[in-house]
Amino acid sequence: RRNNKKSKVTRSKSNLEDLHSFSREYIAKKLRSIKISSQEFDIPKTMYELLRRRPIPATFMGPVDHASLGERYKVFVNPSVSEVLCTTTFEALAMGKFAIIPVHESNKFFLQFPNCLGYKDKWEFAASLRWALTHEPEPLTPELANEFTWEAATD
């Protein structure tokens, strides 16, 4: 049994060394693929730092006319806590979409709308997202729709 245990430890160390070797090779490959330019940049010091810099798997469509979004999308997520009266959140709610935002002083105005789903932690965020994906946004009442007018903004 001791030999068996020792061989497991040896295999485990071997696997770790293989992974470490792979990591070094991967980093070296990535560094070789970086094109040198006149700009200075920091070379990643660890595998974690290198992987953290990878782009997110998303497609940014650039400017899009709101009318073209139509029924295609019904949920807008804005995790920002630094944009006071964020225009994109305002526009999403005005279009009758769900807006999922953190409960924060900068987002207080939006929380009055029934389609605005606030969250305080990752669990509430997940619950809000699930709710939004499985329900339809409520139509705006005339009173709430009035909140999105220039008259209300300048009043």
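**Group meeting: Ser80, helix α4 and a surface patch**

Let me start with Ser80, which sits in the loop that runs between β1 (75-77) and α4 (87-94). Before going on: this is a predicted model, and what I say about it is computed from that model.

Is Ser80 buried or exposed? Its relative accessibility is 14%, so Ser80 counts as buried, the cut-off for that being under 20%. As for what surrounds this residue, leaving aside residues up to four places away in sequence, Ser80 touches Pro102 and Asn107. There is also a local polar contact: the side chain of Ser80 reaches the backbone nitrogen of Ser82, at 3.1 Å.

From that loop we go on to α4. Which residues of α4 are buried? They are Thr89, Ala92 and Leu93. These residues cover an arc of only 95 degrees around the axis, and therefore lie on the same side of α4. The general background is that an α-helix has 3.6 residues a turn, so residues three or four places apart point the same way.

And what do the buried residues of α4 pack against? The answer is strands: β1, β2 (98-102) and β3 (116-119). Just after α4 comes Gly96, whose phi is positive, at about 80 degrees.

Now to the surface. Met61, Val64 and Tyr73 form a nonpolar patch there. Together these residues have about 260 Å² of accessible area. One of them, Val64, is found in the loop between α2 (47-52) and α3 (66-69). Val64 counts as partly exposed because its relative accessibility is 31%, which falls between the 20% and 50% limits. So we have two loop residues to set side by side: Ser80 counts as buried at 14%, while Val64 counts as partly exposed at 31%.

Last, the chain as a whole. How many helices and strands are there in the chain? There are 7 helices and 3 strands, and along the sequence they follow the pattern α-α-α-β-α-β-β-α-α-α. The chain has 155 residues, and 21% of them count as buried. The exposed area of the chain is about 12700 Å², with 57% of that supplied by carbon and sulfur atoms. Finally, take the contacts between residues at least 6 apart in sequence: 41% of these join residues at least 24 apart.

That is what I have on this one.

Key:
Residues are numbered from 1 along each chain as its sequence is written. This is a predicted model: local features need pLDDT of at least 70, side-chain atom pairs count only at pLDDT 80 or more; totals for chains, interfaces and linings use all residues. Side-chain values use heavy atoms; hydrogens and water are left out. Helices (H or I, at least four residues) and strands (E, at least two) are DSSP runs, numbered from the N terminus. Buried means under 20% relative accessible area, exposed over 50%, partly exposed in between (1.4 Å probe, protein chains only). A polar contact is a pair of N or O atoms within 3.5 Å; within protein, one must be able to donate a hydrogen and the other to accept it, and residues adjacent in sequence count only if both atoms are side-chain atoms. Contact means heavy atoms within 4.5 Å. Patches are made of residues with over 30% relative accessible area and no salt bridge: like charges are joined within 9 Å, nonpolar side chains (Val, Leu, Ile, Met, Phe, Trp, Tyr) within 5 Å. Accessible areas come from the Shrake-Rupley method with a 1.4 Å probe; for residues, only the protein chains shown count as cover. A salt bridge is a side-chain nitrogen of Lys or Arg within 4 Å of a carboxyl oxygen of Asp or Glu. The arc is that of the directions from the helix axis to the C-beta atoms.
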